[in-house]
Amino acid sequence: MHAVTIPVPGGPEALVWAEVDDPAPGPGELLLDVVAAGLNRADLLQRQGHYPPPPGAPAYPGLEVSGRVAALGPGVTGWAAGDEVCALLAGGGYAERVAVPAGQVLPLPRGVDLVTAAGLPETACTVWSNLVMRAGLAAGEWLLVHGGAGGIGTAAVQIGAALGARVVATAGSEEKLALCRQLGAEAAVSYRGDWVADVRAITGGGADVVLDPIGAKYLGPNVDVLAPDGRLVVIGMQGGTRGELDLGTLLAKRGAVHATALRSRPIAQKAQIVAQVREHVWPMVADGRVRVVVDSTYPMERAGEAHRRMAGGDVTGKVLLRA
């Protein structure tokens, strides 16, 4: 089979479509014929040599795919060859075939085509595990989503609204701010201005939950914008890895700071997250409360172009690769 390999880490040109060994499903795994894969920021970091795959994962990138079941490994039940599915991966999605633990495989939600479904698993699992399982977001609470027009952001805005939260999103252009409102944000503010003051004014005091992919650059402002008993969940490092935290402010607010990564979680934890996503998020997708916003789709052998598109910073929603 073919896969997108990284012989030498570097820019988008480092991605090489090459022939590799076919994977085989081990005990408890499914082998999938990949139809499409979703891009994530982690893929860009891996291409640059900054985010190696966890032990046992394929060396090539890709954290979510859609496709058809090709074969079942020993001990797998409940699936059959030909089933159309999507899946959360630890890596290896930029390929024609991939083996994945059965607990990380999901049926297609009703109404979603097989290519578009590739943009669901990583985003839905990231958002649900952080907003609900980690931060305990409740109906009526204020949720601040940074980068509300991105792949994770568009899912977070919609899932937050579907849960009954009052959502505020940040974005960098009028078009993206308008999209956030269309997706269910009660308000949207430009991150180019004084977004802390804007969010405080909108919420009447601060956000109960903040979902942040930026990291160090936003650490101080995110603590400032928290409401009493607020929870900040950091899921990325686009703005650096080292920031300054005012513990006095955090203590006074009885606030909490969580930092999480999905890729490195044990298989059993991922299976629990996937099960909750299937139970709670898939109905939101089926009835139209949550949809995948697709920015663009590229052939998998042109993955470098897709990475350039994503790295350019003007992406709205998900970038997909089609096998």
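## Helix 5 and its buried face

Buried here means under 20% relative accessible area. In this predicted model, the residues of helix 5 (residues 195-203) that meet that cut-off are Trp195, Val196, Val199 and Thr203. Looking down the axis of helix 5, you'd find these buried residues within an arc of 105 degrees, so they line one face of the helix. That fits a familiar pattern: an α-helix has 3.6 residues a turn, so residues three or four places apart point the same way.

What do the buried residues of helix 5 pack against? Their partners are four strands and a helix: strand 8 (142-145), strand 9 (166-171), strand 10 (187-190), strand 11 (207-212) and helix 6 (216-225). Right after helix 5 comes Gly204, with a positive phi near 75 degrees.

## The cavity

Now for the enclosed space. The structure has one cavity of 30 Å³ or more, and the volume of this largest cavity is about 80 Å³. It has 15 lining residues, and Gly119, Leu120, Thr123, Ala155 and Arg291 sit closest to its centre.

Which helix gives the most to the lining of the largest cavity? That's helix 3, with five residues. Helix 2 (121-134) and helix 3 (151-162) each put at least two residues into the lining. Sorted by class, the lining of the largest cavity comes out as eight nonpolar, five polar and two charged residues.

## The second largest pocket

Over to the open spaces: the second largest pocket has a volume of about 310 Å³. Its lining takes in 19 residues, and nearest the centre are Gly56, Ala57, Ala90, Pro101 and Ile267. Two or more lining residues come from each of strand 6 (97-101) and helix 8 (267-286).

Strand 6 has the largest share of this lining, with three residues. By class, the lining of the second largest pocket splits into 11 nonpolar, four polar and four charged residues.

## Cysteines without a bond

How many disulfides does the model have? The count is zero. A pair of cysteine sulfur atoms would have to lie within 2.5 Å to qualify. Take Cys125: the closest cysteine sulfur to its own is in Cys86, 8.7 Å off, which is too far for a bond.

Are Cys125 and Cys180 buried or exposed? Cys125 is buried, with a relative accessible area of 0%. Cys180 is buried too, at 0% relative accessibility.

Terms used. Residues numbered from 1 in each chain as written. Predicted model: local features only at pLDDT ≥ 70, side-chain atom pairs only at ≥ 80, totals over all residues. Heavy atoms only, no water. 1 Å grid on protein atoms, 1.4 Å probe; cavity = no way out; pocket = protein on both sides within 12 Å on 5 of 7 lines; lining within 4 Å. Points joined across faces, edges and corners; volume = space filled by probe spheres on them. Nonpolar A, V, L, I, M, F, W, Y, C, P; charged D, E, K, R; others polar. Buried < 20%, exposed > 50% of the residue type's maximum accessible area, 1.4 Å probe, protein only. Arc of directions from axis to C-beta. Contact = heavy atoms within 4.5 Å.
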